[in-house]
Amino acid sequence: MPSAKLSVETLLPKPWLQRLLPKRLWCQALLIQTLSILLIAGLAPGVINSVFAFELSHLGISLEHVWIWLLLHICLVSLLAKAAQMPVWWRWIHAIFPVAVLGMQHINLPATVYLAGFIITLTLYWSVHNTRVPFYPSFPPTWRALHHVLEQHGDDAPLKVLDIGSGIGDLALFLASQRVHDEVSGIEIAPLPWAVSAVRALFSGTSARFTLGDYRELDFAKFDVIFAYLSPAVMPDVWQKVRAEMPAGTLFVSSEFPVPDMTAQRIIYPQKNAPALYVYSL
């Protein structure tokens with residue numbers, strides 16, 4: 001088996017801004033938004049009353065318009081997020097969030113709509129700030145490709161298959177319907193997707209089972225095949241757990257995101273524009 005390589009980036013010191021920021025990403029995001037708002041709030045009155053603003057008014061440009069300062073805020077938080085080396089998807093959140101807040105202020109919606117949206121978002125993305133894994137649904141080409149991998153790996157022998165981060169259960173339910181002798185299960189940490197998958201399993205007529213919890217608490221040694229569709233941020237940690245716990249002869253399959261510095265034994269492209277499957281043999 002190929003040996004893991006030590007990334008050069010792990011040997012480099014962190015940027016000074018990253019060292020000053022909190023470790024949790026959501027705390028970093030809150031701090032960056034707050035710093036930008038305070039800076040612009042202190043800067044805006046003086047700029048609006050300056051000669052520069054007076055000259056711009058002759059061109060039909062008014063610095064008193066809130067959208068101009070919103071654009072400046074978006075640019076500033078994006079630069080700070082990049083300097084802090086936050087993930088790209090957090091930078092998009094920094095840019096979209098203030099626009100959404102200002103836009104929703106112009107829409108007269110009852111408070112219950114916002115409460116319902118908050119509850120749904122909370123139950124769907126639950127602990128993304130901790131797991132660093134957003135909701136990634138898989139699609140039929142991926143299900144069929146993994147089914148083909150299982151057919152080649154296990155022949156007619158029953159397998160114990162686990163989908164970590166199983167979402168609403170699509171992949172596990174498909175596999176359980178195709179390989180009725182296998183023991184197919186999924187684990188999901190977000191309450192809403194897990195609840196949907198659990199209800200679907202009751203009416204599916206399959207033996208698929210779904211657990212509400214964190215895959216990091218499971219013993220991977222109990223499974224023959226583990227499938228993951230997570231995020232690049234967690235792949236090194238997942239691979240470390242796979243190497244430590246899964247016995248020889250088992251498979252780890254990752255959709256779209258390969259294990260850094262490791263060579264997959266097989267790379268499967270289910271169809272055009274579909275995520276690749278990276279198959280690692282233990």
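In the predicted model, the side chains of Arg179 and Asp182 form a salt bridge with an N to O distance of 2.3 Å; a salt bridge is a side-chain nitrogen of Lys or Arg within 4 Å of a carboxyl oxygen of Asp or Glu. Arg179 and Asp182 are both buried, where buried means under 20% relative accessible area, exposed over 50%, and partly exposed in between (1.4 Å probe, protein chains only). By the salt-bridge rule the count comes to six.

Residues are numbered from 1 along each chain as its sequence is written. The model is predicted, with local features needing pLDDT of at least 70 and side-chain atom pairs counting only at pLDDT 80 or more, while totals for chains, interfaces and linings use all residues; side-chain values use heavy atoms and leave out hydrogens and water.

A salt bridge also pairs Glu183 with Arg209, whose closest N and O atoms are 3.2 Å apart. This pair links distant parts of the chain, 26 residues apart, with Glu183 in strand S2 (residues 183-188) and Arg209 in strand S3 (residues 209-212). Helices (H or I, at least four residues) and strands (E, at least two) are DSSP runs, numbered from the N terminus. Glu183 is partly exposed at 35% relative accessibility, and Arg209 is partly exposed at 43%.

In a further salt bridge, the side chains of Glu245 and Lys241 meet at 2.9 Å, N to O. Glu245 and Lys241 are separated by about one helical turn because they lie four residues apart in helix H11 (residues 235-245). Glu245 is partly exposed at 25% relative accessibility, whereas Lys241 is buried at 13%.
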